[in-house]
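Please look over the sequence and the structure shown here, keeping one helix and one sheet in view as you read the report that follows.

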Amino acid sequence: MKIPTEPIGSIPRPTSLVAAITALSNGANLTDLYNEAISDTLKELEKTGSPVITDGEQTKSSFATYPLEGLTNLAPEGMVINFEDGHSRQLPLLTSGPFRYGNYAVKYLTAAQKQTKLPVKQAVISASALSLIYPQSGIEGYTQAEFMADLLDECEKDIRQCLQHGAYKVQMDFTEGRLSLKLDPSGGVLKHFIAVNNQVFDRFTKEEQQKLGVHVCPGGDHDSTHSADIDYADFLPDLFEMHVGNFYLQLASEPDRVKVLKIVKQYLKPDQKAFIGVIDVLDPVVESTEIVRDRVLEAAAYIPLNQLGTTDDCGFSPFCDDVSTTRETAFAKIKARVDGTRLAEERLFS
Ligand SMILES: [Zn+2]
């Protein structure tokens with residue numbers, strides 16, 4: 001396709017799998033349920049016509065916590081992220097060093113690649129998000145500087161393994177970017193987060209950086225957001241300072257898309273691509289192909305065609321127990337994205 005289109009990552013898990021995970025009653029069955037969920041997800045994604053697919057994050061605990069699975073040096077009382085509808089998610093806190101990932105994303109990538117011939121994209125969590133697990137009171141015998149050095153090494157390893165195993169793209173999820181402006185309106189925390197992640201990206205060559213991307217959104221859990229009230233205009237100029245070639249931007253659910261597109265046009269650098277969200281993942285209504293086409297045409301008025309791509313606003317279920325959207329709806333919305341992007345292409349390249 002002339003206008004590339006890619007998913008973000010997660011697909012709602014099958015209800016039978018969610019029931020088994022949340023009950024934690026029958027561990028023996030989980031492996032089978034996970035394998036079924038992966039193969040069914042890949043099959044359904046292939047049917048949507050999407051030229052690039054993911055494993056739907058069927059076996060991740062969440063987009064943010066997968067590296068922490070199995071670690072024993074964590075306590076449950078970390079940072080709380082509040083969503084508009086009143087629910088919250090909480091990060092754990094590290095209790096001792098050294099910090100090592102319990103689990104690397106390449107595991108998901110290679111499991112998916114075994115079952116599909118299509119290119120597979122892999123999402124990883126940002127170093128900035130995981131930096132929040134170091135306690136403000138410190139850890140005796142393991143300084144914050146030592147922790148950050150370990151974290152950068154681990155985040156690099158997480159990405160590099162995926163590149164080495166042929167990931168089509170490696171996308172860093174950076175949902176805390178926009179949220180940071182809520183916690184620190186001065187933008188100091190945002191600039192710090194970006195600098196931390198750039199320390200990871202700078203370990204890759206310019207060619208490798210073209211395979212790396214960043215996804216941003218106002219959060220999307222149980223069909224609710226954590227930072228939609230923060231103005232995109234305050235966030236985007238800094239975002240394009242990240243040393244990657246691809247930006248996966250929530251946009252369909254923005255109240256004033258043109259205002260956002262004008263800022264993207266102003267700050268997008270020549271070696272960067274903007275993948276515009278044309279599917280509102282929080283809206284249960286499936287977009288028509290014409291609506292998607294019109295959203296692409298709208299974006300094409302501001303973004304050079306050779307730098308324009310489409311995506312969904314976010315993953316459909318970043319946390320494993322989120323079943324607010326059905327799998328059927330998610331696949332139908334992805335098909336609408338692919339078909340609508342094609343329709344727009346016919347207009348733009350005719
Ligand atoms: Zn997102």
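In this predicted model, helix H5 is followed by glycine 166, whose phi is positive, near 80 degrees. The helix itself comprises residues 144–164, and because each residue should add 1.5 Å, its 21 residues should span 30 Å, which agrees with the 30 Å that separate its end C-alpha atoms.

Along H5, the residues Phe147, Leu151, Cys155, Asp158, Ile159 and Cys162 are buried. When the helix is seen down its axis, these buried residues fall within an arc of 95 degrees, so they line one face of H5. Ala145 and Gln164, on the other side of H5, are exposed. As for the partners of the buried residues, they pack against helices H3 (106–113), H4 (127–130) and H7 (188–201), and also against strands E5 (122–125), E6 (170–173) and E7 (212–216).

The strands just named belong to an open sheet of six strands, which has the order E5-E6-E7-E8-E9-E10 and parallel pairing. Its edge strands are E5 and E10 (308–312), each of which pairs on one side only. Direction ignored, neighbouring strands of this sheet are turned by 30 degrees against each other on average. Helix H5 packs on the sheet, where it touches E5, E6 and E7, and its direction makes about 170 degrees with that of E5.

Two of the strand pairs can be set side by side, each with a pair of residues that stand opposite each other.

| Strand pair | Bridges and sense | Opposite residues |
|---|---|---|
| E6 and E7 | four bridges, parallel | aspartate 173 and histidine 215 |
| E8 and E9 | four bridges, parallel | asparagine 246 and lysine 273 |

Strand E9 (residues 273–279) is largely enclosed by the rest of the structure, because six of its seven residues are buried. Strand E8, which covers residues 246–249, brings us to leucine 249, which touches Val216, Ala274, Phe275, Ile276 and Gly277 when residues up to four places away in sequence are not counted.

Which residues have the most contacts inside the largest nonpolar core? They are Leu109, Val124, Cys162, Leu249, Ala274 and Ile276, and the core has 80 residues. Among these, Cys162 is one of the buried residues of H5, while Ala274 and Ile276 are among the residues that leucine 249 touches. As a general background, nonpolar side chains tend to be buried together in soluble globular proteins.

Note on methods: Residues numbered from 1 in each chain as written. Predicted model: local features only at pLDDT ≥ 70, side-chain atom pairs only at ≥ 80, totals over all residues. Helix = DSSP H or I, 4+ residues; strand = E, 2+ residues; numbered from the N terminus. Expected span 1.5 Å × (residues − 1). Buried ≥ 20, exposed ≤ 12 C-beta atoms within 10 Å, placed from the backbone. Arc of directions from axis to C-beta. Contact = placed C-beta atoms within 7 Å. Core = buried A, V, L, I, M, F, W, Y, C linked by C-beta atoms within 7 Å. Pairing = 2+ DSSP bridges. Axes fitted to C-alpha atoms, helices over the stretch in contact; angles between N-to-C directions.
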